[in-house]
Amino acid sequence: MRNKAVAIMILIGVIVLMIYAARDGRPAAYTLQGCVEVTGRQGVCCEDDSYWVSGSATLAKYDADWNLVALNEDPFEGYEIEVNHIGDIDIYQHELYVGAEHFMDGVGKNIQIAVYDADTLKLKHTFPFEPESGQLECSGIAVDPDTNTVWMCSWVGEDSGKYLYKYDLASGEYLGRVEMKEPPVWVQGIAYHDGYFYLTADDGDADDDEPDHIYRTKIKQGAASCKVTPERTLDDVTRQGEIEGLTFDEDAGQLLVLYNRGARIVLGMPKGFYEGYDREISEVFQYDIGK
């Protein structure tokens with residue numbers, strides 16, 4: 001009887017491992033619950049009962065009901081070198097992590113890893129950037145609290161866009177880069193959740209009503225490369241436009257995705273509007289995550 005019981009326990013364990021292994025290669029289920037218009041077209045993050053949204057040149061804080069409670073329209077005050085652009089953002093221990101740079105017509109320079117106070121939205125300090133990394137632009141930044149690291153992605157294609165760039169969370173020291181196998185093009189945002197990195201890619205064409213996508217990858221400790229797999233097609237947004245940052249609301253069990261519509265985007269810059277629009281509209285879409 002004891003041997004039979006042990007065998008049953010082993011069998012149950014094998015089945016559980018098979019279930020987890022199957023999930024590892026399969027996207028989660030996401031159900032759209034709604035969206036909210038926000039001030040800012042670049043990134044989104046959340047902590048406890050608050051949300052933060054970045055514009056190209058703004059930082060905004062919202063309460064649990066998405067009421068605007070703070071806005072910094074001069075977030076570049078305090079930098080030692082010229083910057084004019086913020087990408088996707090993240091938050092860790094009530095500090096905002098920002099990838100700042102000088103960006104114009106598809107060309108980035110003066111990349112900075114910047115840390116802001118989450119309440120005042122004011123710059124606290126920056127980390128030195130490593131130009132030898134080969135990174136030519138910063139479209140997004142994410143904190144991995146499991147390994148105490150900060151990661152950046154690049155919208156610029158070719159070699160710069162093929163890698164994710166790793167820095168030490170405490171010191172800001174550059175730790176290297178990881179090559180993405182079959183990388184998505186025009187990566188816009190990055191977020192870390194439950195052992196995986198999630199990436200948004202502006203790989204659809206709004207002119208042809210083609211949707212953008214979310215991808216997922218797992219980076220093993222010390223790995224030089226990682227496999228990227230599709231996670232979701234954004235075919236249920238209000239209107240096809242430009243996907244930007246993303247984050248996970250752990251308390252609500254939701255994926256949050258920032259999406260812009262209405263403006264024509266050329267080389268990463270708004271250039272006029274689509275028919276029926278006289279301004280760009282930025283919305284955060286809220287998706288329940290299936291178990």
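Biologist: Let's start with Cys-46. Buried or exposed?
Modeller: Buried. Cys-46 has 13% relative accessibility, and the cut-off for buried is under 20%. Keep in mind that this is a predicted model.

Biologist: Which cysteine sulfur is closest to the one in Cys-46?
Modeller: The one in Cys-45. The two sulfurs are 7.1 Å apart, so they are too far from each other for a bond. A disulfide needs sulfur atoms within 2.5 Å.

Biologist: And Cys-35, how far is its sulfur from the closest cysteine sulfur?
Modeller: 17 Å, and that closest sulfur belongs to Cys-46. Again, that is too far for a bond.

Biologist: What is the relative accessible area of Cys-35?
Modeller: It is 36%, so Cys-35 counts as partly exposed.

Biologist: How many disulfides does the structure hold?
Modeller: The count is 0.

Biologist: New topic. How many residues of strand 19 are buried?
Modeller: 8 of its 8 residues, which run from 254 to 261.

Biologist: Which residues sit on which side?
Modeller: One side has Gln-254, Leu-256, Leu-258 and Asn-260. The other has Leu-255, Val-257, Tyr-259 and Arg-261. Both faces are covered.

Biologist: Why do the side chains split like that?
Modeller: Side chains in a regular strand alternate between the two faces of the sheet.

Biologist: Which way does strand 18 run against strand 19, parallel or antiparallel?
Modeller: Antiparallel. Strand 18 covers residues 242-249, and 6 bridges join it to strand 19. Within that pairing, Phe-248 stands opposite Leu-255.

Biologist: What links strand 18 and strand 19?
Modeller: They form a hairpin, with 4 residues between them. Gly-253 is in the turn and has a positive phi of about 65°.

Biologist: How many bridges pair strand 19 with strand 22?
Modeller: 8, also in the antiparallel sense. Strand 22 spans residues 281-289. Here Val-257 stands opposite Phe-285.

Biologist: Switching again. Where is Asp-202?
Modeller: In a loop. Strand 15 (196-201) comes before the loop and strand 16 (213-217) after it.

Biologist: Is that residue, Asp-202, buried or exposed?
Modeller: Asp-202 counts as buried, because its relative accessibility is 15%.

Biologist: What does Asp-202 touch, leaving out residues up to four places away in sequence?
Modeller: Val-185, Trp-186, Gln-188, Asp-212, Gly-241, Glu-242 and Ile-243. Glu-242 and Ile-243 fall within the residue range of strand 18.

Biologist: And what separates the C-alpha atoms of Asp-202 and Gly-43?
Modeller: 14 Å in space. Along the chain, the two residues are 159 residues apart.

Key:
Residues numbered from 1 in each chain as written. Predicted model: local features only at pLDDT ≥ 70, side-chain atom pairs only at ≥ 80, totals over all residues. Heavy atoms only, no water. Helix = DSSP H or I, 4+ residues; strand = E, 2+ residues; numbered from the N terminus. Buried < 20%, exposed > 50% of the residue type's maximum accessible area, 1.4 Å probe, protein only. Contact = heavy atoms within 4.5 Å. Pairing = 2+ DSSP bridges.
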